[in-house]
Amino acid sequence: MREPAEEGTARTGLSRRALLGVFGAGAATAAGIGAAGVALAREAGEAPAGDRRFDFFGAHQAGITTPMQNNLYFAAVDVTTDSREDLIDLLRQWTEAAAAMTQGREIDALGALGGSYDAAPEDTGEALGLPASGLTVTIGFGPTLFGDQRGRDRFGIAADRPPGLRELPHFPSDMTDPAISGGDLCIQTCADDAQVAVHAVRNLIRIGFGRTTVRWSQAGFGKSSVTSPDDATPRNLFGFKDGTANITGDPADTDRFLWVAPTDDPAWMAGGTYLAVRKIRMTIETWDRTSLREQEAVFGRSKREGSPLSGGGEFDTPDFTMAGSDGQPLIAADSHMALAHPSANDGQRILRRAYNYTDGSDGLGRLDAGLFFLAFQRDLDKQFIPLQMRLSKSDLMNEYVRYLSSSVFAVPPGVQPGGYWGQSLFDL
Amino acid sequence: MDLSVRTGVVAVAVPLLVVTVAACQSSTPSQSADTGVVSVASSDESCEVSAADAASGVVRFAVSNTGSQVTEFYVLGEDGLRVMGEAENIAPGLTRDLVVQLPPGSYQLACKPGMTGDGIRSDFAVNDSGVPMPTSDDDSAVIERATANYAAYVRDQSDQLLKDTKEFAAAYQAGDDDTARALYAPTRMHWERIEPVAESFGDLDPILDAREADLEPGQKWTGWHRIEKDLWPPRSGYQPLTQKQRDKLAEQLVTDTTTLADRTQDLTFTADQLGNGAKELLDEVATGKITGEEEAWSHTDLWDFQANLEGAQVMYAGVRPVVADRNPKLAATLDEEFANIQSALDRHRRGDGFVLYPDLTPKQIRELATSVDALGEPLSALTVTVLQGR
């Protein structure tokens, strides 16, 4: 688990919050670098609530085991250039911009207001005045980066493609839309403030223009998972606690189930992980008309406590054999929990980082909402794929959900200062 | 954004109350007779009840299992035999609410740790609050008749389904595609009318009614929708089935439908199955038919819609006297919404059938969806109304 960065971390740009300080003082034209010293001094004082920061640099990318922030913005982009140098340059620029934004700074020394009056500002500026807000930026590489649909190896990396990185299979009851699936690269931003998350993606997309084009994007609100043992399990839009048995930040678990080991194939992915992304629409109105009895039967958990229907507290081990008055197990064998539980999946666990989403209402006046499911793991073939296959076949919940998108990305290891995202791949 | 988050979180704390409150309000609209919560702690050796009496009307028990075995809680009549209400399968550590309508009188409460024996009993008095109670003497007879009638309805529909399926299969095998196409939707209506029953056979449902998107890798696609695709093939890239494949599919369809018809002969039903079944049929309309997903090739979704609606209407009609007795307002709402949705659907009739799904405008689809929600919402209160005060 990551701790918020210490105050005094090296800063090169002008802090957004510092900038606000300058303007708050009425020095409307004094937004030069010279004012930064004053502003930084201010900043060394007490951080306002919400100004938590997570390290950008490290062995693993932030935004995976980082305790979940409440807001997500996720974008998948396709690379339009065929130049390896352009791609590397893009990743370098993204790395620099993300490192700055996650520490509450603008993406460039000149920022939103300090450049030429006759030029478009470097930073888009909608996060001015907002603290770092726990922002994390995480990127991943889609299978198509290693060879497009015609099998062209545009960047000379086809031979280094992780064997486990392939498009996900069709799962029963999938109704996935290619227009909101896949992508050469993905950007996941998470923050305590939704505007800060959107700002980060928007700036990276802007940097990418001419080299990348946005394929699809998704906003998420309200975390629906925990990645830290200190957080209480939040509820999904069905009103239930879910994913209780998945891993949080425990290093013993993350080494086993999450991070690619140096001995895994390929070696450049060591410290990285694999991301499965599924957009799951919930048929909210139908669910809301369903009896509490059936709702609990579908999950295999009580709605009130989140406990297994075999009793105890939320985190107590479920007893899948405990029978009720009719002799049948209290937790139905095809309930969501029974099928998703590690005990039904060779002990495999994943790191779940799911968010609730709403896209407004559909044309029928129904809430267009559900779960934007993000799961990280060391090996998709051992972890996500068999688990989802089991769920898609028989989960009682399938009556109330639709799978709308399906994507997979290799999430490269973390970055060291001076390095860039994916360096271990391109320096090979 | 922050507001949405809070709304999401707050909303989840409420449903337990919503269920109980809705039950109270729906059954006794003119009063607020919820006398508060009687809490019950059921351990392996004791059954501690927080109050020895309550006022007549709706009484709510919050039953916590403080023991180590699965427990049950019963509210029994003075004779200690008649069950007024029960909460079953409460695992250790869990709490479940039980809401019952109790007229003035003497009762027994029983916790049953381990779910066997007479349980640990105590007396419970219900004092007259002056609130009139819905009569229930005739209800059990009505429900008994409704469930028996429904069983007969299921038998009749599955017999007709089998008869029509044989004709359909014969036409398809004979290569008389026009006749097969004409028979497809009307035949399937028999299936759609009793869909919750047909679906309850987990082995038959996938081989008879699977849609292409539902298939598991390696699963062979058989049944109605496989033939549907062959009769209404996509414009390009489709390989028509051979005669041999046709024969096999058609014969399989008849065999599986025969099995279904056989199995439905001796089925019996309970009151809650009627209430839940009616709701499930409307859910079917809401999820598959209103979106045009069910009949992806023939586009005869409105036939299925009509049949689901008829099936729900039959279930509701059986228990309607009980609903009218206990909750006249709910009965009036359901009567009205059933009529509304039927007239909305009637506007799309063409000849003996309906227009095809793609011929509906987005506005028309939306009107239909709105009437489905308008009926589905009150219909979800049907089961609890029929079960209450059993």
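**Strand pairing, aromatic pairs and a helix face in a predicted two-chain model**

Strands β1(B) and β2(B) pair in the antiparallel sense over three bridges; two strands are taken to pair if DSSP finds at least two bridges between them. Strands (E, at least two residues) and helices (H or I, at least four residues) are DSSP runs, numbered from the N terminus. The model is predicted, with local features requiring pLDDT of at least 70 and side-chain atom pairs counted only at pLDDT 80 or more, whereas totals for chains, interfaces and linings use all residues. Residues are numbered from 1 along each chain as its sequence is written, chains are lettered from A and ligands numbered from 1 in the order in which they are written, and side-chain values use heavy atoms, with hydrogens and water left out.

The connection from β1(B) to β2(B) is a hairpin of four residues. Within this pairing, Val40(B) has Val49(B) of β2(B) as its bridge partner. Both strands belong to an open sheet of four strands in chain B, with the order β2-β1-β4-β7 and mixed pairing. β2 (47-49) and β7 (95-102) of chain B are the edge strands, each pairing on one side only. On average, neighbouring strands of this sheet are turned by 25 degrees against each other, direction ignored; the axes are lines fitted to C-alpha atoms, for helices over the stretch in contact, and angles run from 0 to 180 degrees between N-to-C directions. Strands of a sheet pair through backbone hydrogen bonds, either parallel or antiparallel. The parallel sense is found between β1 (residues 37-42) and β4 (residues 57-65) of chain B, over six bridges. Here Val38(B) stands opposite Phe61(B) in β4(B). The covered face of β1(B) consists of Val38(B), Val40(B) and Ser42(B), and its uncovered face of Val37(B), Ser39(B) and Ala41(B).

Elsewhere in chain B, Tyr107(B) lies in strand β8 (residues 105-111). Tyr107(B) counts as buried, at 7% relative accessibility (buried: under 20% relative accessible area; exposed: over 50%; partly exposed: in between; 1.4 Å probe, protein chains only). Its C-alpha atom is separated by 6.0 Å from that of Ala125(B), 18 residues apart along the chain.

Helix α11 (residues 328-346) of chain B has 19 residues, and the 27 Å between its end C-alpha atoms agrees with the 27 Å expected at 1.5 Å a residue, the expected span being 1.5 Å times one less than the number of residues. Buried positions in α11(B) are Leu330(B), Ala331(B), Leu334(B), Glu337(B), Phe338(B), Ile341(B), Ala344(B) and Leu345(B). These buried residues line one face of α11(B), because they fall within an arc of 160 degrees when seen down the helix axis; the arc is that of the directions from the axis to the C-beta atoms. An α-helix has 3.6 residues a turn, so residues three or four places apart point the same way.

In chain A, β4(A) and β7 (residues 355-361) run antiparallel and are joined by two bridges, with Lys223(A) opposite Tyr355(A) in β7(A). β7(A) also runs antiparallel to β8 (residues 367-377) of chain A, joined by five bridges; Asn356(A) has Leu371(A) of β8(A) as its bridge partner. These two strands form a hairpin with five residues between them, and Gly365(A) in the turn has a positive phi of about 80 degrees.

Over all chains, the structure holds 26 aromatic pairs (rings of Phe, Tyr and Trp, the last by its six-membered ring, with centres within 6.5 Å; planes under 30 degrees apart are stacked, over 60 edge-to-face and the rest tilted). One stacked pair is Phe74(A) with Trp216(A), at 5.6 Å centre to centre and 25 degrees between the planes. This pair links distant parts of the chain, 142 residues apart: Phe74(A) is in strand β1 (residues 71-79) and Trp216(A) in strand β4 (residues 212-223) of chain A. Phe74(A) is buried at 0% relative accessibility, and Trp216(A) is buried at 5%.

The pair of Phe240(A) and Trp287(A) is edge-to-face, because the ring centres are 6.1 Å apart and the planes stand at 80 degrees. Phe240(A) lies in the loop between β4 and α5 (251-258) of chain A, and Trp287(A), 47 residues apart from it, in helix α6 (residues 284-288) of chain A. Both Phe240(A) and Trp287(A) are buried. Ring pairs link these two residues with Phe238(A), Phe299(A) and Tyr400(A) into a cluster.
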